[in-house]
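Here is a short tour of one model, with a helix pair, a loop residue beside it and two backbone angles to look at. Take a moment with the sequence and the fold before reading on.

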Amino acid sequence: MTTILFKILAFVLMISLGYLAKTFRLLQQEDSRVLMTIIIHITMPMALMAGFRTFSFDTSLLFALAIGFGYNLLLLAAGWLFSVRRDGETRALYVLNVPGYNIGNFALPFVQGFLPASATLSLCMFDAGNNPMGTGISYSAAASLSGSDGRLSLRDIVRKLFHSPPFLAYFIMLVLYLPGIRLPEAFFDMCALFGQGNTFLAMFALGLIFEWHLPREDIREVCRILGIRYALCLLAAAAVYLLTPFDAVTRQTLCLCLIAPVTTLSVAYGLACGCRQSMIAALSSVSMAVSFVLSLGLILLWA
């Protein structure tokens, strides 16, 4: 229990350092883009590949893939239905922020920090199902509601997936391991060495991005959108943990994925759909804070 508490404190300090660096103008919020580039192209792929050291395929991985894709579709439908009779820009906010999960920059550091290395495999499969939503499906729906030109084909979605370094790293490792090809231990040692930096960089970047100030007119709508999202996500997490037959590590990993915050792509897509920047920033920041508290709460509950 003491070890868990110290790890939680470390996570809080990492985010606080990022926020303080921005507050005291050592870094700017825009610098988070540099950190995100390093995370996405170097530390995250390395951390994911390191998780293959103890790879063994089982049905829980297929289940994680199905949950990642299927539940996102359900959340998209919920965002669509709960925004009926709203203006186009508001409806776009619902379908962009009710579905979609920030797995790589948020859930992965928690899984790395508190669960065995093998847990990253379930996380990757969940994210493989989650990625099509974040890379195009939700944006296509939002753009159609807001009147933007947002048509994306299946080819566009697949192309974006295979231009994602974390997804590409996972796909290559899976292709190697399914026929039984095993890489040397030295390779995994190297990946683990690079991947160790992912947790700190991701948490520090979240601190740089985070904003406390919410315009008063945005608060009610932000609470409604995120209230729908987290009510459905907590329900799904409870069902996965209590009703599925898989091992504890797999169930815990999926629970952390299901309560992860809104994907960072929703910010760029929201701007493209003509949504108010203040509302987009508020949804991203509040979602991050809520998911952080929920994730720490679950980890303490499991300790």
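Helices here are DSSP runs of H or I with at least four residues, numbered from the N terminus. The model is a predicted one. With that naming in hand, Asn102 can be placed in the loop between α4 (88-97) and α5. Is Asn102 buried or exposed? Buried means under 20% relative accessible area, so Asn102, at 7% relative accessibility, counts as buried. Leaving aside neighbours within four places in sequence, Asn102 is in contact with Ala107, Ala260, Pro261, Val262, Thr263 and Thr264.

Let's move on to the helix that follows this loop. Two packed helices are described by the angle between their axes and the distance between the axes. For α5 (residues 103-114) and α12 (residues 248-258), the axes come within 9 Å and cross at roughly 145°. The crossing of this pair is right-handed. On the α5 side, Ile103, Ala107, Phe110 and Val111 take part, and they meet Thr253, Leu256 and Cys257 of α12. The residues of this contact divide into 6 nonpolar, 1 polar and no charged. Ala107 thus appears in the helix contact and also among the contacts of Asn102.

Finally, have a look at two arginines in loops. Each is a residue other than glycine with a positive phi, Arg25 as well as Arg85.

| Residue | Loop | Phi | Relative accessibility |
|---|---|---|---|
| Arg25 | between α1 (2-23) and α2 (32-50) | near 60° | 67%, exposed |
| Arg85 | between α3 (59-82) and α4 | near 75° | 83%, exposed |

Notes. Residues are numbered from 1 along each chain as its sequence is written. This is a predicted model: local features need pLDDT of at least 70, side-chain atom pairs count only at pLDDT 80 or more; totals for chains, interfaces and linings use all residues. Side-chain values use heavy atoms; hydrogens and water are left out. Axes are lines fitted to C-alpha atoms, for helices over the stretch in contact, and angles run from 0 to 180 degrees between N-to-C directions. Helices (H or I, at least four residues) and strands (E, at least two) are DSSP runs, numbered from the N terminus. A crossing is left-handed if the near helix is turned anticlockwise from the far one by less than a right angle, and right-handed if clockwise. Contact means heavy atoms within 4.5 Å. Ala, Val, Leu, Ile, Met, Phe, Trp, Tyr, Cys and Pro count as nonpolar, Asp, Glu, Lys and Arg as charged, and the others, Gly among them, as polar. Buried means under 20% relative accessible area, exposed over 50%, partly exposed in between (1.4 Å probe, protein chains only).
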